[in-house]
Amino acid sequence: MRMTDNTILITGGTSGIGRALAEAFHDRGNRVIVAGRRHDLLTDITDRRPGIVGMHLDLNDPQALERTARDVRQRFPDLNVLIANTGISRVEDMTSADWDGTTAENIVQTNVLGVLRVVAAFLPTLKTQPTAAIMATSSALAFLPRADFPTYCASKAFLHSWLTSLRHQLRNLPIEILELSPPYVQTELTGASQAADPRAMPLATYVSEVMAMLEHGRHPRGELLLERDQARRWAERDGNYDSLFAAMNPV
Ligand SMILES: NC(=O)c1ccc[n+]([C@@H]2O[C@H](COP(=O)([O-])OP(=O)(O)OC[C@H]3O[C@@H](n4cnc5c(N)ncnc54)[C@H](OP(=O)(O)O)[C@@H]3O)[C@@H](O)[C@H]2O)c1
């Protein structure tokens, strides 16, 4: 995708990967709008990077999305890039007597329906642009699940499949469909400890790698995946699925 002079909306732009992408794109000369629920973080990002626009948005509220879409259409009719990055991640123990599917439903609501709704809301605008892109954030876990995050991994597998079909359907339009599949990165996705976990990739390192992949078009089939995650991506094809699954999910 073009790396400068875009108008970019990033959902899930208040923290972590979304915020780091927002700052990187802003610093490269793009108009950036970030959306999320936390008012204090929206204010913080717009204070620290004057020019970035913050919009309050809870993707679990379809009316809020309608309002935001209307607002964006009026104020930013040249919107040509959507980064659908919102996501939540929770451990689920289905052996527990407490497990009742509520957490699973919340994850589906945000990670699946949230992304579908946001793409549906902005696709009509993107279709009017001479060049456009949609990037949605799945996960390296889309290809091989961690069993303690069952619905999270399944939600990302859903996105992988859905984006593949979206890309195929839009193949004759100038809208690039990209899938960002991060590894384990230092953000607060699963709580504060993840941001300091030495096993996770530093956020700044990951986002500069993503910007380099985008800049050099290093995303075969529209997939932005680190080299080290290719084995998971192709585990079925290469006959390694069972052994990699076992290594990731020790009994
Ligand atoms: N970090 C990793 O290890 C990793 C690995 C693979 C994939 N990912 C994916 O990367 C994406 C970003 O995650 P992150 O790691 O950067 O964690 P994060 O800092 O927790 O970011 C999640 C973002 O989603 C927003 N969000 C959550 N629920 C929302 C809702 N209902 N409506 C609107 N916004 C909502 C949050 O903003 P508010 O709370 O302000 O609404 C926040 O900006 C997610 O899709 C995640 O699944 C992360």
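Is Met3 buried or exposed? I started my notebook with this one, and Met3 comes out as buried, at 11% relative accessibility. I should write down early that I am looking at a predicted model.

**Entry: the start of the chain**

I looked up where Met3 sits, and it is in the segment before S1. Then I checked its distance to Gly29: the two C-alpha atoms are 8.3 Å apart in space, while 26 residues separate Met3 and Gly29 in sequence.

Asp5 is also in the segment before S1. I looked up its backbone angle and found a positive phi of about 65 degrees, although Asp5 is not a glycine. I noted that because most residues other than glycine have a negative phi. How exposed is Asp5? Its relative accessible area is 46%, so I wrote it down as partly exposed.

**Entry: another positive phi**

Arg221 went on my list too, as a residue that is not a glycine and yet has a positive phi, this time of about 55 degrees. I found Arg221 in the loop between helix H6 (203-215) and strand S7 (223-224). With a relative accessible area of 43%, Arg221 is partly exposed.

**Entry: the sheet**

Next I traced the strands. In what order do the seven strands lie? I read S3-S2-S1-S4-S5-S6-S7, in an open sheet with parallel pairing. At the edges I found strand S3 (53-56) and S7, each pairing on one side only.

I then zoomed in on S1 and S2. Strand S1 covers residues 7-11, and it pairs with S2 in the parallel sense over five bridges. I looked up two of the partners: Ile8 stands opposite Val32 in S2, and Ile10 has Val34 in S2 as its bridge partner.

Why did I write "largely enclosed" beside strand S2? Strand S2 runs over residues 31-36, and five of its six residues are buried, so the rest of the structure largely encloses it.

**Entry: salt bridges**

How many salt bridges does the structure hold? I noted 14, and I picked out a few to look at properly.

I began with Arg19 and Asp44, which form a salt bridge with their closest N and O atoms 3.0 Å apart. Arg19 belongs to helix H1 (residues 16-27) and Asp44 to helix H2 (residues 39-48), so this pair ties together parts that are 25 residues apart in sequence. I also compared their cover: Arg19 counts as buried at 12% relative accessibility, whereas Asp44 counts as partly exposed at 25%. The pair is not on its own, either: Arg19, Glu23, Asp44 and Arg48 are linked in a network of salt bridges.

My next pair was Arg146 and Asp148, whose side chains meet in a salt bridge at 2.6 Å, N to O. I put both down as partly exposed: Arg146 has a relative accessible area of 33%, and Asp148 has 30%.

The last pair I checked was Arg233 with Glu223, a salt bridge whose closest N and O atoms are 2.7 Å apart. Arg233 lies in helix H7 (residues 230-233) and Glu223 in strand S7, so here the pair ties together parts 10 residues apart in sequence. I found Arg233 buried, with a relative accessible area of 14%, and Glu223 buried as well, with 6%.

**Entry: a charged patch**

I finished on the surface. Which residues form the negative surface patch that I noted? My list reads Asp93, Asp98, Asp100 and Glu105. From these I picked Asp100 to follow up, and found it in the loop between strand S4 (81-84) and helix H4 (102-127). Is Asp100 buried or exposed? I wrote exposed, because its relative accessible area is 57% and the cut-off for exposed is over 50%.

Key
Residues numbered from 1 in each chain as written. Predicted model: local features only at pLDDT ≥ 70, side-chain atom pairs only at ≥ 80, totals over all residues. Heavy atoms only, no water. Patch = residues over 30% accessible without salt bridge, like charges linked within 9 Å, V, L, I, M, F, W, Y side chains within 5 Å. Areas by Shrake-Rupley, 256 points an atom, 1.4 Å probe, with all protein chains shown as cover. Salt bridge = Lys/Arg side-chain N within 4 Å of Asp/Glu carboxyl O. Lys, Arg positive; Asp, Glu negative; His and termini not counted. Charge placed at Lys NZ, Arg CZ, Asp CG, Glu CD. Helix = DSSP H or I, 4+ residues; strand = E, 2+ residues; numbered from the N terminus. Buried < 20%, exposed > 50% of the residue type's maximum accessible area, 1.4 Å probe, protein only. Pairing = 2+ DSSP bridges.
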